[in-house]
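Dear colleague,

I am passing on the structure we spoke about, with some notes on what turned up when I went through it. Please look it over alongside the text below.

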Amino acid sequence: MLIIPCPHCGPRPELEFRYGGQAHIARPVDPSPLSDEEWASFLYSRDNERGIHAERWRHIHGCARFFNVVRDTTTDQILASYKTGEFRPEAV
Amino acid sequence: MPDSLAPNLSVAAVNEPFRTRSGGRIDRAKPLSFSFDGQTYSGVAGDTLASALLAHGVHLMGRSFKYHRPRGVMTAGSDEPNALVTVSRDAGRTAPNLRATQVELYEGLSAISQNRFPSLQFDVGGINDHFAALLPAGFYYKTFMWPRSFWDRVYEPVIRASAGLGKVPTAPDPDRYLQRNAHCEVLVIGAGPAGLTAALAAAESGLRVILCDEQSELGGSLLADTTSMIAGKPARVWLTETLAELATFSNVTLLPRTTGFGYYPHNHVGLVERVTDHLASPDSAQPRERMWQVRAKEVVLATGAFERPLTFPENDRPGIMLADAATTFVNRYGVKPGKRAVIAAANDSGYRAALALAEAGVEIAMIADLRRNPSGSGYDAARRAGLSIETGKTIAGTSGKMRVDGASIASVGEDGKVWNTQDIGCDLLLMAGGWTPTLHLYSQSLSKLKWDDAIQAYVPGAVAASQALRAAGAASGAYGLDAALSTGFKAGAEAAVAAGGDGVTTRVFVTISAEADASTFLGAMPHNRDANRVRAFVDFQNDSTAKDLKLAVREGFRSVEHAKRYTTTGMATDQGKTSNMPMLGVMAQAQGKTIPEIGFTTFRPPFTPTTFGNFAGAARGDLFDPIRRTAIHHWAEGQGAVFEDVGQWKRARYFPRQGEDMHAAVARECKAVRSALGIFDASTLGKIEVVGPDAAEFMNRMYINPWTKLGVGRCRYGVMLREDGFVYDDGVVGRIAEDRFHVTTTTGGAASVLNMMEDYLQTEWPGLNVWLTSATEQWAVIALQGPKAREVLAPFVEGIDLSPAAFPHMAIAEGRICGVKTRLFRVSFTGELGFEINVPPSAARRVWEALYAEGRKHSITPYGTETMHVLRAEKGFIIVGQETDGTATPDDVGLTWAIGKAKKDFVGKRSLARPGMTDPKRKQLVGLLSVDNRTVLEEGAQIVADPKQPKPMTVLGHVTSSYMSAALGHPIALALVEAGRSRMGETLQVLVPGKGSVAVKLVSPVFYDAEGASLDAV
């Protein structure tokens, strides 16, 4: 069980969180002009990274907020955690 | 004279022919009686099941898994692969696959051996051994392939009957299991000399320390060490004093009988503490086991090392055991494992065992050392003791059936040539193959292992990035008592500093002890016999031999992970404790490679088998999952309702009267609603309050419907899609105020709908000024449905004009009912005049009972979810999750009308324009009528055009809902059928497995009151 640092509440056990998939996939502001391929890519294409992965978590049993985490999927090391809307730290 | 000083001329020594007269950590004055395979034996306090049986000369404790070969106890600890037993207190308290070497003896203990029929001495399955040539590696894969039809009928049942270790208990487990979370700065696993000094060092820092060990006593190798001196004292005295010192620290928790079974991310370590298994009459207030979920800042693994068996022909007979195990049985348990011993040594451990056995009066027939020029303190001591030592010797085979009775010792040259075989009689043959650091937990932590050529073993390498651990003592490859004590203290001190402690001192432990020795031999030992005929076992538990591994290599299984699976070496409960390194050795030999070139297999948790109870803890029966009950639950119970589970909720399914089955009850309830009045508990509906200046805009984006123009005081049926365009949830939404919506969701969807709303609000549209609040448990919902609903409701309502003009269908108003606040909806999921009365749960029962009492004048009838389902199906209303399955678009289920056509965007809109979503051949919602007017279709049944077509058939759709309609007097069904709306009037066939098919006519999904006349009940 991971210890996940919530940027609002601090480190908490994974049980308090819910996974939210890959981070930084913004919903297009206006989806209508997108081609079917572009839309399908937004809907379904994910990196499935072996290694450093930016992902969303929600502190569902805490502050209930979504936030972002950079995690190494091979070691589960958490390299950064930051609020929704913030940029991924350049160092990771 | 106190008892303890009485002359200890115990009965045990007389009844137990292999018990020594004195010594060991047993209490000869406390005899115990136990049974093994129905026969009664004696033992003494401090024994394990294995040591007590050995005291009677019983080595045969099990049969092997595949060949059913007789097997004896090989080790003295958790690495035991052979002596697996089932210990039972009663039908529910039956634990299979326990290692006899770890089972603590108690008065009345009852154990049986496994994997044999009818008895250990005579086992029918032993015939497998005679056909061993027919059971090579990969036998299952090769043999049971053809013919295909034999798999289901012959092979699988036979394999299942003969496979598996032990038997599952036949009754539910009555014991309790507890779980607790624990936090500490330093967790030390293993309480041998290294673990003890690690704990001492960490304890002095003042940090929280947990020290656990799988054995009944803390001390590890010191428990069987009768010769070493530490700090000028005998090892056992030092141990007693050290444990006493540790006990004085309030920051130290000592946990004997506690196995570290799993190492998980972020230094999360699972320990299982066996609380009562060693007690004759456990206190029922105590749990059987307690699982500790430890979150440690730093972990010290002082898990020691396992001794390696030697891979020589017939190395598996009862009476053949590891040298260090023999030392432990003599020194710790006061048991001689035989009368005349041969010791096959590739390591000094063999000399230590020989000296201990000789001192206890066991005859040492020969120490056969594989090394040509052994040296060191063990060798010297054995020579001084006059023991027979031969060097440059290999074991070419053994003899004996139920017990070893001889060993063939041969000379081996430097070129591997073997000659001069000599048979020596013995009833005990010890294997001293060197040591393997116990790094199961280290490997589980995903930390790397690295090969250390000097000690021919894998040792701790780079620590995994998310973990904080270190190994000490033999686990780190630092062998010998000196190294254990010093590396342990150092590791404990370093761990404490890393965890933020200070004030750590240094200590030096001066010892007089045996020299450390890392000598070993890996691979199959040389012999001069036909390599195709002899079997040298590598994995005793899984019966895989050197020959099997060589065959696997010849067949192309070069990767160690593939060979492991093909031969099953190192798998199952044993996890390669004794077999891993010998396997790598044989594979390296067969491929002409070095061991590090061969690679390494992964150790998996648990370290030793762990009970399901340990993981389940209190989460069983009623506590398995939280149960949610509505405010009306107990009233419904009082009315004899039959409940069903909907998610975590208990919902009343129907209210049978005397003698009624579900059919009869539902038919009566349906008629009552259509003809007069029904009352229904809809409290489980999910409710979300959407509030804020941008609430309408938020609703516009989340739902397919338009919300801007929905007037205050009005409701609308809302449909929500996922971004992929498929129906996700639905429910009635009421506009309470310009900036406030009362959203309802399906019972099962409440939490996930709120999560999805929060996701969009927080991460996609943070600029919208909206608040979302779950209100599911803030409102109980009483549905009053039927022509008499208004009449019965009106007298109780204040502040709301219920007249049809003022409060039409799909109206909502706030007011009071029975003196409490209400949000009153005029909605209908039945097609009848209906109200859904939202009240605070605290008042719900009172309001319900008031309405019920008033309704009695009109035969008010409580109805359940089953009737609700029938009534809505008669009206063609879908249920999300029943008519939809995550692949239905709004158009598929006839909801295109709900889409706000003018809206530029909403969640899922773009997906609805993808080509596959507009295909006219998509499955569409239709009604089905059985042509025979009688058959109630099976929900989920497949629909085809021609049931006689060849398989696989072209399936056109499936039945989603099917009921007997009381109102119509015949069955009705809803279905999703390919291009269904263009097939109205067609006849198709619904398949009934084993019975052919039923002809059905496709009709509109609205079966009852298509015009909606009943809604106003005029």
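To begin with one place in the backbone, Pro606(B) sits in the loop that runs between helix 16 (595-598) and helix 17 (612-616) of chain B, and the peptide bond that joins Pro605(B) to Pro606(B) is cis, with an omega of about -5°. Please keep in mind throughout that this is a predicted model.

A second cis peptide bond joins Lys951(B) and Pro952(B), again with omega at about -5°, and Pro952(B) belongs to the loop between strand 47 (942-944) and strand 48 (957-965) of chain B. Gln456(B), although not a glycine, has a positive phi of about 50°, and this residue is found in the loop between strand 26 (449-452) and strand 27 (457-460) of chain B. I point these places out because most residues other than glycine have a negative phi, and most peptide bonds are trans.

On confidence, chain A has an average pLDDT of 96, and 100% of its residues score at least 70. Among the elements of chain A, the highest mean pLDDT, 98, goes to strand 1 (residues 3-6), while the lowest, 96, goes to strand 2 (residues 10-13).

The records also offer some domain annotations for chain B. An unreviewed UniProt entry places "domain: FAD/NAD(P)-binding" at residues 185-456 of chain B; in the model that span is 21% helix and 37% strand, and its end C-alpha atoms lie 33 Å apart. For "domain: SoxA A3", UniProt (unreviewed entry) lists residues 535-617 of chain B, a stretch that is 46% helix and 6% strand, with 44 Å between its end C-alpha atoms. The feature "domain: Aminomethyltransferase C-terminal" is placed by UniProt, again in an unreviewed entry, at residues 923-1009 of chain B, where the chain is 0% helix and 49% strand and the end C-alpha atoms are 25 Å apart.

Turning to how the two chains meet, the contact takes 31 residues from chain A and 29 residues from chain B, and together the chains bury about 2500 Å², of which 47% is on carbon and sulfur atoms. Between chain B and chain A there are 5 salt bridges, and one that you may wish to look at pairs Arg27(A) with Asp905(B), whose closest N and O atoms are 2.8 Å apart. Across the interface of chain B and chain A, 20 residue pairs are in polar contact. On the side of chain B that touches chain A, the elements that give two or more residues are strand 15 (289-301), helix 21 (750-764) and helix 25 (909-912) of chain B, and helix 21 gives the most, with 7 residues. By class, that side of chain B has 10 nonpolar, 9 polar and 10 charged residues.

Over all chains, a search of the whole structure finds 55 salt bridges. Among them is the one between Asp277(B) and Arg288(B), in which the closest N and O atoms are 2.8 Å apart; the two residues are 11 residues apart along the chain, and each is placed in the loop between strand 14 (268-274) and strand 15 of chain B.

With best wishes

Notes:
Residues numbered from 1 in each chain as written. Chains lettered and ligands numbered in written order. Predicted model: local features only at pLDDT ≥ 70, side-chain atom pairs only at ≥ 80, totals over all residues. Heavy atoms only, no water. pLDDT = per-residue confidence, 0-100. Helix = DSSP H or I, 4+ residues; strand = E, 2+ residues; numbered from the N terminus. UniProt positions renumbered as here; feature names shortened; annotations may be inferred. Contact = heavy atoms within 4.5 Å. Buried area = accessible area lost by both parts, 1.4 Å probe. Salt bridge = Lys/Arg side-chain N within 4 Å of Asp/Glu carboxyl O. Polar contact = N/O pair within 3.5 Å; in protein donor to acceptor, adjacent residues only side chain to side chain. Nonpolar A, V, L, I, M, F, W, Y, C, P; charged D, E, K, R; others polar.
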